[in-house]
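Work through the three exercises that follow, with the sequence and the model open beside you. Try each task before you read its solution.

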Amino acid sequence: MSPLQPSSAPAPAPAPVAPTDPSALFTATDRTRRKLLTQRIAGIVFGAMAAAILLPLLVILGYIFVRALPALDWGFVTGLPEQGMRAGGIWPALAGTAYLVVFSLLVAAPIGVMAGIYLNEFARDNWFTRAVNLAVVNLAGVPSIVHALFGVGAFVVFAGLGKSILAASLTLAVMTLPVIIVATKEALAAVPRSFREACWNLGASRWQVIRTIVLPNSFGGILTGLILEVCRAAGETAPIMFTGAIVFKAVESGQLLPYNPTDQCMALSYHLHTVATQIPGVPEPMLYATAAVLVGFVLVFNSFAIAMRVRLRAKKKW
Amino acid sequence: MISLLKIMLLLALVAGVLYLMYLIYRYCERTMVTLIHICGVSAIVFVFGIFFFIFREGAPFLLKDFDFGGFFLSDKWYPTSEENPRFGILALVAGTGSVTVLAMLFAVPFGLGTAVFISEFCGRKTKEALKILVEFLAAVPSVVWGFIGMMVMNPLIIKLADAPVGLNVLNAGIVVGLMAVPVIVSIAEDAIRAVPDEYRAAAEALGATRWQVVRKVIFPAAKSGLLAAVLLGVGRAVGETMAVLMATGQSINIPFDGNAPFFHPLQSVQTLTATIAAELGEAPSGGHHYQALFTLGIVLFAITFAINLVADLIVKGIRKGK
C-alpha cells in the first residue's frame, strides 16, 4: 500500500481487466472499435496470404504422391528403365544422383567449411571481407544455367574433363558452396566469444582454439549446412544438363557402382525432365512416381536438417 | 567379383585419404591456416572464374562484328538459319520480363504478407510451423516446379481460363512466383526481426494496434530490408531455368502489343535462361550460335550481379545508418 494514501480509506481494488483489450477498460468509442476491427482484418488478411502460399504446396505435394502410388514400389526404385523408359524403374538415375551428390560434397564440404572458418575467425572487418561476403551472396544468386555455362567453359572444355561425372559434380560443388559457407559461418558465430577468450588466455593458438573448442561446439550447425547442400545438389538440373548428365545409360542390374567418374551418368532430376518433356507416351503414374521420389528424397533430407536444428536449439547451454 | 574388388579398393583409398586429411588437420597448423586463407577467398575466385570462363567462350561473338542494335533491339532470334542467322534477344528479354513481372505481382504482396504474419501476428508454435513450411517450399527442386506447371497447372489453366494452351506466361508466372516467395519471406522476416523491440513497445504504449504498429513503425523501419527482399526475389525469378523451360511453352514471342489489355498472359513465351537450356545441347561447340548463348549467359550474369550488388548496398546502408 502506498504511504501517500490515507490509511483510513482502503484503496479500491483494481478492476480485473485484460490489459490487451482496451474495450474492457474504457467504454469503447467508435474510433477504438474501428481500430480493433482493422487490426483483426489485417491479421486475417495476412494469415490468409500465408495460407494461400503454403496450403497449395501441401495440396500439390499430396497430389503428386497420390498420383504416384500406382507406380511407386520397390521394383520401381531398384529397377532398370525398359522400353525406352516407358516402363521399368529409375535405379541408374538414382545411382547417378548419388554419385553427383557424393562427389560434389567431397569437393564443396572442405572448401566451404574452411571458407566459413576464414570469414568468421580470421577475416578482419574491412573492404576485402566485405567483397568476399558479396561474392558469396553473388555465387548463390547467379542463375543455375549460368553455372552450367561456367561448368562447360571451365571443366568440360578448359580442364578437359569432357562431359563426365567429375565435371558435373565440380559444377554442382561451385554452385552449392554458398550453402555450406553461410551455414558454417552462422554455426561458428553462435559459439560465444568468451569460449575463445578463455582458450587464448591459456596460450592456445588461433587454430588450436578453432580445432578444440569452436568446431566441436558448432558441429551440428555445420552438419545442417552439409545436409542442405545434399538437398540442393540432388535437385538441381540445369547445371548438370551440359556437363555430365545423359538421357539414358545402359547399366547392368544389381550393380552397386555402375559408373566411373569419367563416365556420363543419368540423374534423377534430369531423368524427370527427360521423361516429362522429351519422351512421348510415358504412363502418368511413372512420371508422378519419378517426381515423388525426387521430392521425397529432398524433403526427407530437409527434415533431417530441420530436426537437427530444433534439437540443437533445445540442447543449447549458453 | 571385380565389382567387389573395385568397391574394396575404393574404400581403402577413401580411408587413406581421410586419414591423411586427419593427420594434417591434427598436426599441421601452418598448413591448415594457409588452406583456410586460400579457401576464404575461393568465393571471389569462383565469381571471377564464372565471368572469365563464360566470357572466354562467348568472346569471339562479342568482340568480332558484334551488332549492338541487332542483339539487344531486335526480336529476330533465328540462330540456326543457314544463310542468315539472326541473334536478336528482345523477344527473350520480353519473355523473361513478362514472367518476372507476373511472378512478382503475385509473390511480392503474398511474400511480404506472409513475412508480416509470421513475425507479427501469430503465436510461437504457428510461427515455427510456418517457417518450416516455407523452408519446404524453398527446398522443392525447380524441375519439380516445372513438372507441376506441366502436369497440374496446364490442364487447370486450359479449363479455367479457356486458353488454347496452358503452358504460358500465366503458368510460369505462378510457378516462379511460388519459387520466389520463400526468398522474399525469409529475407523480409529477417528485416522485420531486425527492427528493435523498443520501437514496437513505444508504439503500443501510445495505444497503437498491431496493424498500426506494422503500418506506421515496422514498414518504415524495415523499408530497405523489405526492398532488398523484393530485389532478391526478382533475381531468383530472372534466373529461374528449369521451371520456365517446362512451363512457358517455349515459343519466341513478345506478349505485349498495342491492343488492349496490352499484356497477354495467356500467350506462350521463351525466356533468356530457357533459351540457353534448350539450345546449348544442339549448338555445335565453337559456332556462332554456341557463342551467342554464352553471350546470353554474360547478360544474365550481369543482371543478377547488379541485382545482388544493389540489394547488398541497400542492406549494408541501413547497417551503417544504425
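**Exercise 1.** In this predicted model, find how far apart the C-alpha centres of domain 1 of chain B and domain 2 of chain B lie, and describe the contact of the two domains.

*Solution.* Begin with the bounds, since the domain assignment of chain B gives residues 2–65 as domain 1 and residues 86–321 as domain 2. Next, take the C-alpha centres of these two domains of chain B, which are 33 Å apart. Then turn to the contact itself, where 9 residues of domain 1 of chain B meet 8 residues of domain 2 of chain B. Finally, sort the side that domain 1 of chain B contributes to this contact, and you find 7 nonpolar residues, 1 polar and 1 charged.

**Exercise 2.** Determine how helix 5 of chain B and helix 8 of chain B cross, and with which hand.

*Solution.* Two packed helices are described by the angle between their axes and the distance between the axes. For helix 5 (residues 90–121) of chain B and helix 8 (residues 169–193) of chain B, the axes come within 6 Å and the crossing angle is roughly 35°. The crossing of these two helices of chain B is right-handed, and their contact is made up of 22 nonpolar, 6 polar and 2 charged residues.

**Exercise 3.** How many residues of chain B are in contact with chain A, and which helix of chain B gives the largest share?

*Solution.* Counting on both sides, 70 residues of chain B touch 71 residues of chain A. Within the side of chain B, helix 3 (residues 42–63) supplies the largest share, namely 11 residues. Sorted by class, this side of chain B has 46 nonpolar, 17 polar and 7 charged residues.

Definitions and conventions: Residues numbered from 1 in each chain as written. Chains lettered and ligands numbered in written order. Predicted model: local features only at pLDDT ≥ 70, side-chain atom pairs only at ≥ 80, totals over all residues. Axes fitted to C-alpha atoms, helices over the stretch in contact; angles between N-to-C directions. Helix = DSSP H or I, 4+ residues; strand = E, 2+ residues; numbered from the N terminus. Left-handed = near helix turned anticlockwise from the far one by under 90°. Nonpolar A, V, L, I, M, F, W, Y, C, P; charged D, E, K, R; others polar. Domains from an automatic or database assignment. Contact = placed C-beta atoms within 7 Å.
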